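Student: I would like a close look at a single part of this model. Please take one helix and its surroundings, and keep the account connected.

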Amino acid sequence: KFPTAAVTPSAYITSFLIHCRIMRPDDANIAGNVHGGTILKMIEEAGAIISTRHCNSQSGEHCVAALARVERTDFLSPMCIGEVAHVSAEITYTSKHSVEVQVNVLSENILTGAKRVTNRATLWYVPLSLKNVDKVLEVPPIQYAWKELEEDGKKRYEEQKLERLVTKQRNGDIIFPVFNPEPYTVGYSQSSLIHLVGPSDCTLHGFVHGGVTMKLMDEVAGIVAARHCKTNIVTASVDAINFHEKIKKGCVITISGRMTFTSNKSMEIEVFVDADPFVDEPKERYRAVSAFFTYVSLSKEGKPVPVPQLVETEDEKRRFEDGKGRYLQTKAKRQVQMQPLTQQ
């Protein structure tokens with residue numbers, strides 16, 4: 001469980017949420033476990049509910065919380081069909097215009113009562129006015145049990161702001177089709193999906209749910225990974241999903257993915273979402289979302305197997321080295337996190 005940030009009972013009601021749902025056969029991926037995109041969608045729904053509730057907890061202009069960023073999300077253990085997903089969300093930091101929500105996902109075997117943590121994620125939301133969705137409102141502050149919690153939250157806030165800026169500067173990249181590509185090259189596995197945004201994809205205010213977008217991105221990244229490996233694959237983690245602009249109902253979105261890095265056991269896939277506003281919008285095509293997904297290759301028995309190494313051209317070597325840097329950085333962070341556990 002994450003440390004509780006709010007200290008008063010009334011504040012705690014708005015800053016903590018538990019949601020649960022049984023996993024059905026239509027939630028499964030081809031490996032038979034729950035689709036990673038389904039879990040991402042549940043995580044985002046919990047975050048949207050708790051942050052919207054908190055931002056409307058004081059009198060003033062009503063608003064809806066819009067997803068701005070998902071920090072690195074780890075898939076610690078696969079969830080099985082028939083298990084119950086318990087999604088707990090807690091507000092851990094607020095700045096003047098944003099809310100940090102930390103989410104845990106546990107799976108429960110309702111036959112045995114056994115539970116295990118399957119996912120952890122951190123999400124950032126901004127409150128948008130219901131009268132004018134381009135207007136960002138102020139967030140009611142939360143109370144902290146310790147001063148250190150607020151200081152740590154502020155540090156995380158500044159770090160994600162800087163990372164979002166770096167991502168925006170990289171957003172000029174475009175994925176072009178490749179004709180007759182060689183096996184195990186970037187062009188061989190890159191994939192795209194085109195989707196018309198309908199009412200069922202949107203909030204009551206006509207903008208796409210962040211969870212819907214994330215699920216589509218996970219599907220495209222999964223296709224890229226499966227094309228490269230020719231095996232079953234599973235989502236291992238998501239390295240920061242950045243939502244740059246809102247996507248309106250009636251837009252046609254193109255979700256494109258390409259391989260950027262392979263280690264012995266994992267693959268990194270970069271995914272873009274570009275939006276074409278066709279209905280009542282003179283706006284040109286724009287980059288709406290970007291992210292990196294990490295997948296692992298599985299045997300028919302569900303065991304990790306080696307990943308075929310990516311064959312890069314000269315132009316692709318820079319992206320490969322960038323991906324290698326992210327991979328080594330993540331590996332180092334995991335080793336630091338594991339040290340306290342091994343010392344117990």
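Tutor: What follows looks at helix α5, then at the annotated site and a surface patch. The model is predicted, and helix α5 covers residues 210-229.

Begin with the length of the helix. The 20 residues of α5, at 1.5 Å a residue, should span 28 Å, and the C-alpha atoms at its ends are 29 Å apart, which agrees. Directly after α5 comes Lys 230, which has a positive phi, near 60°.

Next, its cover. Of the 20 residues in α5, 15 are buried, so the helix is mostly covered, buried being under 20% relative accessible area. The largest nonpolar core has 73 residues, and those touching the most other members are Met 217, Ile 241, Ile 247, Met 267, Ile 269 and Phe 293. To this core α5 gives nine residues, the most of any contributor. In soluble globular proteins, nonpolar side chains tend to be buried together.

The UniProt annotation "active site", from an unreviewed entry, covers Asp 218 and Asn 29. These two span 190 residues in sequence, yet their C-alpha atoms are no more than 11.1 Å apart, so they gather at one spot. Asn 29 belongs to the loop between β1 (16-22) and α2 (36-55). Asn 29 counts as buried because its relative accessibility is 18%.

For contrast, turn to the surface. Ile 22, Ile 110 and Leu 111 make up a nonpolar patch there, together having about 330 Å² of accessible area. Ile 110 sits in the loop between β5 (99-108) and β6 (115-129), and its 47% relative accessibility makes it partly exposed.

Methods
Residues numbered from 1 in each chain as written. Predicted model: local features only at pLDDT ≥ 70, side-chain atom pairs only at ≥ 80, totals over all residues. Heavy atoms only, no water. Patch = residues over 30% accessible without salt bridge, like charges linked within 9 Å, V, L, I, M, F, W, Y side chains within 5 Å. Areas by Shrake-Rupley, 256 points an atom, 1.4 Å probe, with all protein chains shown as cover. Salt bridge = Lys/Arg side-chain N within 4 Å of Asp/Glu carboxyl O. Helix = DSSP H or I, 4+ residues; strand = E, 2+ residues; numbered from the N terminus. Buried < 20%, exposed > 50% of the residue type's maximum accessible area, 1.4 Å probe, protein only. Core = buried A, V, L, I, M, F, W, Y, C linked by side-chain atoms within 4.5 Å. Expected span 1.5 Å × (residues − 1). UniProt positions renumbered as here; feature names shortened; annotations may be inferred.
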